[in-house]
Amino acid sequence: MTKAIILAAGMGTRLRPLTESTHKSLLTINNQPFLERSIDFLLQQDVEEIVIVTGYLKEQFNYLLQKYKEVKIVNNEYFDKYNNVYSLYLVRGYLGDCFILEGDLYLHQSIFQINNQTRSNYYVKQITTDKQEWIVDCDEQEKIVNIRVDGVESSDFISAGITYLSDADGAIIENALSQLNFEQDAKNLYWDEILIENLHHLQIYAAKIPEGTVFEIDDVQDYDSLKQQFNKS
(Lines give C-alpha, C1' and ligand atoms only; values in the text may rest on other atoms or scores of the structure.)
Protein backbone atom coordinates (compact mmCIF):
# COMPACT_ATOMS: atom_id res chain seq x y z
CA MET A 1 0.00 0.00 0.00
CA THR A 2 1.60 3.24 -1.14
CA LYS A 3 1.62 5.91 1.56
CA ALA A 4 2.79 9.50 1.91
CA ILE A 5 4.19 11.55 4.76
CA ILE A 6 3.94 15.33 4.60
CA LEU A 7 6.16 17.27 7.01
CA ALA A 8 4.23 20.38 8.04
CA ALA A 9 5.28 21.15 11.61
CA GLY A 10 7.60 24.13 11.10
CA MET A 11 6.90 27.75 11.93
CA GLY A 12 7.85 29.30 8.58
CA THR A 13 9.67 32.19 10.22
CA ARG A 14 11.14 33.41 6.91
CA LEU A 15 7.60 33.91 5.61
CA ARG A 16 6.52 36.26 8.37
CA PRO A 17 4.26 38.18 8.65
CA LEU A 18 2.23 35.84 6.40
CA THR A 19 2.77 32.90 8.73
CA GLU A 20 1.87 34.67 11.94
CA SER A 21 -1.76 33.62 11.46
CA THR A 22 -1.60 31.04 8.63
CA HIS A 23 0.61 27.98 8.44
CA LYS A 24 3.02 28.19 5.51
CA SER A 25 1.70 24.98 3.93
CA LEU A 26 -1.82 26.45 3.94
CA LEU A 27 -0.91 29.58 1.99
CA THR A 28 -2.78 29.61 -1.30
CA ILE A 29 -2.40 29.99 -5.04
CA ASN A 30 -5.76 30.43 -6.80
CA ASN A 31 -7.49 29.97 -3.43
CA GLN A 32 -6.08 26.44 -3.01
CA PRO A 33 -3.62 25.72 -0.17
CA PHE A 34 -0.27 24.28 -1.23
CA LEU A 35 -0.91 21.26 0.98
CA GLU A 36 -4.27 20.43 -0.61
CA ARG A 37 -2.70 20.52 -4.04
CA SER A 38 -0.05 18.03 -2.95
CA ILE A 39 -2.72 15.79 -1.44
CA ASP A 40 -4.81 15.88 -4.62
CA PHE A 41 -1.84 14.89 -6.79
CA LEU A 42 -0.94 12.05 -4.42
CA LEU A 43 -4.48 10.72 -4.52
CA GLN A 44 -4.44 10.81 -8.32
CA GLN A 45 -1.56 8.33 -8.12
CA ASP A 46 -3.62 6.01 -5.88
CA VAL A 47 -1.73 6.80 -2.68
CA GLU A 48 -3.96 5.20 -0.07
CA GLU A 49 -2.83 6.85 3.17
CA ILE A 50 -1.43 10.33 3.80
CA VAL A 51 0.04 11.18 7.19
CA ILE A 52 0.57 14.87 7.92
CA VAL A 53 2.93 15.78 10.76
CA THR A 54 1.80 19.07 12.27
CA GLY A 55 3.07 21.29 15.07
CA TYR A 56 2.86 25.06 14.69
CA LEU A 57 -0.79 26.18 14.30
CA LYS A 58 -1.79 22.50 14.38
CA GLU A 59 -5.50 23.25 14.73
CA GLN A 60 -5.57 24.74 11.23
CA PHE A 61 -5.14 21.26 9.73
CA ASN A 62 -8.12 19.59 11.39
CA TYR A 63 -10.52 20.31 8.51
CA LEU A 64 -8.47 18.00 6.30
CA LEU A 65 -9.71 15.00 8.29
CA GLN A 66 -13.23 15.72 7.07
CA LYS A 67 -12.25 16.64 3.53
CA TYR A 68 -10.01 13.62 2.85
CA LYS A 69 -10.75 10.17 4.24
CA GLU A 70 -7.16 9.13 3.42
CA VAL A 71 -5.59 11.76 5.71
CA LYS A 72 -4.27 11.16 9.22
CA ILE A 73 -2.64 13.77 11.45
CA VAL A 74 0.22 13.25 13.90
CA ASN A 75 1.22 16.16 16.13
CA ASN A 76 4.85 17.06 16.81
CA GLU A 77 4.77 18.81 20.17
CA TYR A 78 8.48 19.64 19.90
CA PHE A 79 8.21 21.49 16.58
CA ASP A 80 10.01 24.50 18.08
CA LYS A 81 12.70 22.43 19.81
CA TYR A 82 13.89 19.86 17.26
CA ASN A 83 14.48 20.00 13.52
CA ASN A 84 12.35 18.07 11.01
CA VAL A 85 14.07 14.75 11.66
CA TYR A 86 11.89 14.48 14.78
CA SER A 87 8.73 14.78 12.69
CA LEU A 88 9.85 11.82 10.60
CA TYR A 89 10.89 9.93 13.74
CA LEU A 90 7.31 10.19 15.02
CA VAL A 91 5.93 8.47 11.89
CA ARG A 92 8.83 6.12 11.19
CA GLY A 93 6.44 3.16 11.27
CA TYR A 94 4.88 4.37 8.00
CA LEU A 95 8.14 4.26 6.04
CA GLY A 96 8.39 1.81 3.14
CA ASP A 97 6.54 2.21 -0.16
CA CYS A 98 6.16 5.80 0.95
CA PHE A 99 6.58 9.34 -0.36
CA ILE A 100 8.06 11.95 1.98
CA LEU A 101 7.53 15.58 1.08
CA GLU A 102 7.82 18.98 2.64
CA GLY A 103 4.58 20.78 3.35
CA ASP A 104 5.64 24.14 1.93
CA LEU A 105 6.03 22.97 -1.68
CA TYR A 106 3.90 24.31 -4.50
CA LEU A 107 3.34 21.62 -7.12
CA HIS A 108 2.36 23.19 -10.42
CA GLN A 109 1.79 19.71 -11.80
CA SER A 110 2.10 16.14 -10.55
CA ILE A 111 5.53 14.54 -10.72
CA PHE A 112 4.96 11.48 -8.54
CA GLN A 113 6.21 8.19 -9.99
CA ILE A 114 5.21 4.83 -8.52
CA ASN A 115 5.76 2.62 -11.55
CA ASN A 116 8.93 1.11 -10.06
CA GLN A 117 8.40 0.46 -6.36
CA THR A 118 11.49 -1.72 -5.90
CA ARG A 119 13.87 1.23 -5.83
CA SER A 120 13.86 4.58 -4.10
CA ASN A 121 13.80 7.99 -5.75
CA TYR A 122 15.15 11.33 -4.58
CA TYR A 123 13.42 13.97 -6.70
CA VAL A 124 15.78 16.60 -8.07
CA LYS A 125 15.58 19.68 -10.26
CA GLN A 126 17.80 22.30 -11.85
CA ILE A 127 17.35 25.94 -10.88
CA THR A 128 19.32 29.17 -10.92
CA THR A 129 19.86 30.41 -7.38
CA ASP A 130 22.48 32.01 -5.18
CA LYS A 131 21.28 30.05 -2.13
CA GLN A 132 22.96 27.05 -0.53
CA GLU A 133 21.08 23.90 -1.56
CA TRP A 134 21.11 20.11 -1.15
CA ILE A 135 23.05 19.00 -4.26
CA VAL A 136 23.18 15.37 -5.46
CA ASP A 137 26.13 13.54 -6.98
CA CYS A 138 25.30 10.43 -9.02
CA ASP A 139 27.04 7.59 -10.81
CA GLU A 140 26.45 6.64 -14.46
CA GLN A 141 23.18 4.86 -13.60
CA GLU A 142 21.86 7.94 -11.72
CA LYS A 143 22.30 6.15 -8.38
CA ILE A 144 22.98 8.77 -5.72
CA VAL A 145 26.45 8.50 -4.19
CA ASN A 146 26.49 11.76 -2.25
CA ILE A 147 24.23 14.62 -1.14
CA ARG A 148 25.94 17.82 -0.05
CA VAL A 149 24.99 21.35 0.93
CA ASP A 150 26.80 23.80 -1.32
CA GLY A 151 26.49 26.70 -3.73
CA VAL A 152 24.73 25.76 -6.97
CA GLU A 153 26.50 25.52 -10.33
CA SER A 154 24.55 25.54 -13.61
CA SER A 155 24.93 21.79 -14.10
CA ASP A 156 23.86 20.83 -10.57
CA PHE A 157 20.70 19.02 -9.61
CA ILE A 158 19.28 19.91 -6.21
CA SER A 159 16.69 18.38 -3.92
CA ALA A 160 13.08 19.16 -4.86
CA GLY A 161 11.87 18.30 -1.35
CA ILE A 162 10.28 14.97 -2.32
CA THR A 163 11.58 11.44 -1.73
CA TYR A 164 10.15 7.99 -2.38
CA LEU A 165 11.42 5.11 -0.22
CA SER A 166 10.93 1.49 -1.18
CA ASP A 167 10.05 -1.10 1.48
CA ALA A 168 13.68 -2.15 1.86
CA ASP A 169 15.08 1.37 2.10
CA GLY A 170 12.23 2.49 4.35
CA ALA A 171 13.21 -0.22 6.83
CA ILE A 172 16.82 1.02 6.83
CA ILE A 173 15.77 4.62 7.53
CA GLU A 174 13.26 3.50 10.16
CA ASN A 175 16.01 1.63 11.99
CA ALA A 176 18.36 4.61 11.80
CA LEU A 177 15.69 6.95 13.16
CA SER A 178 14.93 4.58 16.03
CA GLN A 179 18.53 4.87 17.26
CA LEU A 180 18.61 8.67 17.47
CA ASN A 181 19.09 10.45 20.79
CA PHE A 182 17.27 13.76 20.55
CA GLU A 183 18.63 15.15 23.81
CA GLN A 184 22.18 14.89 22.49
CA ASP A 185 23.25 15.28 18.87
CA ALA A 186 20.08 14.67 16.85
CA LYS A 187 17.84 17.62 17.69
CA ASN A 188 19.24 19.92 14.99
CA LEU A 189 19.30 17.36 12.17
CA TYR A 190 17.37 17.54 8.94
CA TRP A 191 15.98 14.17 7.97
CA ASP A 192 18.03 14.30 4.75
CA GLU A 193 21.12 13.92 6.91
CA ILE A 194 19.89 10.49 8.01
CA LEU A 195 19.52 9.63 4.34
CA ILE A 196 23.09 10.78 3.67
CA GLU A 197 24.51 8.73 6.54
CA ASN A 198 22.90 5.60 5.11
CA LEU A 199 23.46 6.14 1.36
CA HIS A 200 25.87 3.20 1.15
CA HIS A 201 23.04 0.89 2.28
CA LEU A 202 20.33 2.36 0.04
CA GLN A 203 19.26 1.80 -3.55
CA ILE A 204 18.19 5.38 -4.18
CA TYR A 205 18.27 7.14 -7.53
CA ALA A 206 17.88 10.70 -8.78
CA ALA A 207 14.44 11.29 -10.29
CA LYS A 208 14.85 14.37 -12.46
CA ILE A 209 11.73 16.49 -12.79
CA PRO A 210 10.98 19.12 -15.44
CA GLU A 211 11.71 22.77 -14.79
CA GLY A 212 8.77 24.75 -13.42
CA THR A 213 6.89 21.86 -11.84
CA VAL A 214 7.83 22.02 -8.14
CA PHE A 215 8.61 25.20 -6.21
CA GLU A 216 9.90 25.62 -2.68
CA ILE A 217 8.65 28.73 -0.89
CA ASP A 218 11.41 30.06 1.33
CA ASP A 219 10.33 33.66 1.85
CA VAL A 220 7.72 36.29 1.01
CA GLN A 221 9.50 37.16 -2.23
CA ASP A 222 9.19 33.53 -3.40
CA TYR A 223 5.49 33.53 -2.57
CA ASP A 224 4.80 36.84 -4.32
CA SER A 225 6.64 35.61 -7.40
CA LEU A 226 4.54 32.44 -7.52
CA LYS A 227 1.32 34.38 -7.18
CA GLN A 228 2.28 36.61 -10.08
CA GLN A 229 3.17 33.58 -12.18
CA PHE A 230 0.25 31.29 -11.45
CA ASN A 231 -2.67 33.23 -10.00
CA LYS A 232 -5.47 33.48 -12.55
CA SER A 233 -6.57 37.00 -13.30
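## Exercises on a predicted chain

At 11% relative accessibility, Tyr86 counts as buried. Keep that residue in mind while you work through this predicted model.

**Exercise 1.** Work out whether Phe182 is buried or exposed.

*Solution.* Start with the cut-off: buried means under 20% relative accessible area. Phe182 comes in at 8% relative accessibility, so it counts as buried. Tyr86, at 11%, lands under that cut-off too.

**Exercise 2.** Classify the ring pair made by Tyr86 and Tyr89, and say how the two residues sit along their helix.

*Solution.* First, what do you need to look at? A pair of aromatic rings is described by the distance of the centres and the angle of the planes. For Tyr86 and Tyr89 the centres are 5.6 Å apart and the planes meet at 20 degrees. Centres have to lie within 6.5 Å to make a pair, and planes under 30 degrees apart count as stacked. So Tyr86 and Tyr89 are a stacked pair. Now the helix: both belong to H3, residues 85-90, and because they are three residues apart there, about one helical turn separates them. Tyr86 and Tyr89 are both buried.

**Exercise 3.** Now take Tyr86 with Phe182: find the geometry of the pair, then say which parts of the chain it ties together.

*Solution.* Here the ring centres are 4.8 Å apart, with 85 degrees between the planes. Angles over 60 degrees count as edge-to-face, and that is what Tyr86 and Phe182 form. Next, locate the partners: Tyr86 is in helix H3, while Phe182 sits in the loop between helix H4 (167-178) and helix H5 (191-197). The pair therefore ties together parts that are 96 residues apart in sequence.

**Exercise 4.** Zoom out to the aromatics of the whole structure: how many pairs are there, and which residues form one cluster with Phe34?

*Solution.* The structure holds 17 aromatic pairs. As for Phe34, it shares one aromatic cluster with Tyr106, Phe215, Tyr223 and Phe230.

**Exercise 5.** Decide how the chain compares in compactness with a globular protein of its length.

*Solution.* Begin with the inventory: six helices and 13 strands. The radius of gyration is 17 Å, close to the 17 Å that the globule rule gives for 233 residues, so the chain is as compact as a globular protein of that length. Then add the extent, since you have the model open: the C-alpha trace spans about 45 × 40 × 35 Å along its principal axes. Of the 233 residues, 51% count as buried. Finally, check the contacts: among those between residues at least 6 apart in sequence, 72% join residues at least 24 apart.

Definitions and conventions: Residues are numbered from 1 along each chain as its sequence is written. This is a predicted model: local features need pLDDT of at least 70, side-chain atom pairs count only at pLDDT 80 or more; totals for chains, interfaces and linings use all residues. Side-chain values use heavy atoms; hydrogens and water are left out. Helices (H or I, at least four residues) and strands (E, at least two) are DSSP runs, numbered from the N terminus. The radius of gyration is taken over C-alpha atoms; the globule rule is 2.2 Å times the number of residues to the power 0.38. Buried means under 20% relative accessible area, exposed over 50%, partly exposed in between (1.4 Å probe, protein chains only). Contact means heavy atoms within 4.5 Å. Rings of Phe, Tyr and Trp (its six-membered ring) pair if their centres lie within 6.5 Å; planes under 30 degrees apart count as stacked, over 60 as edge-to-face and the rest as tilted.
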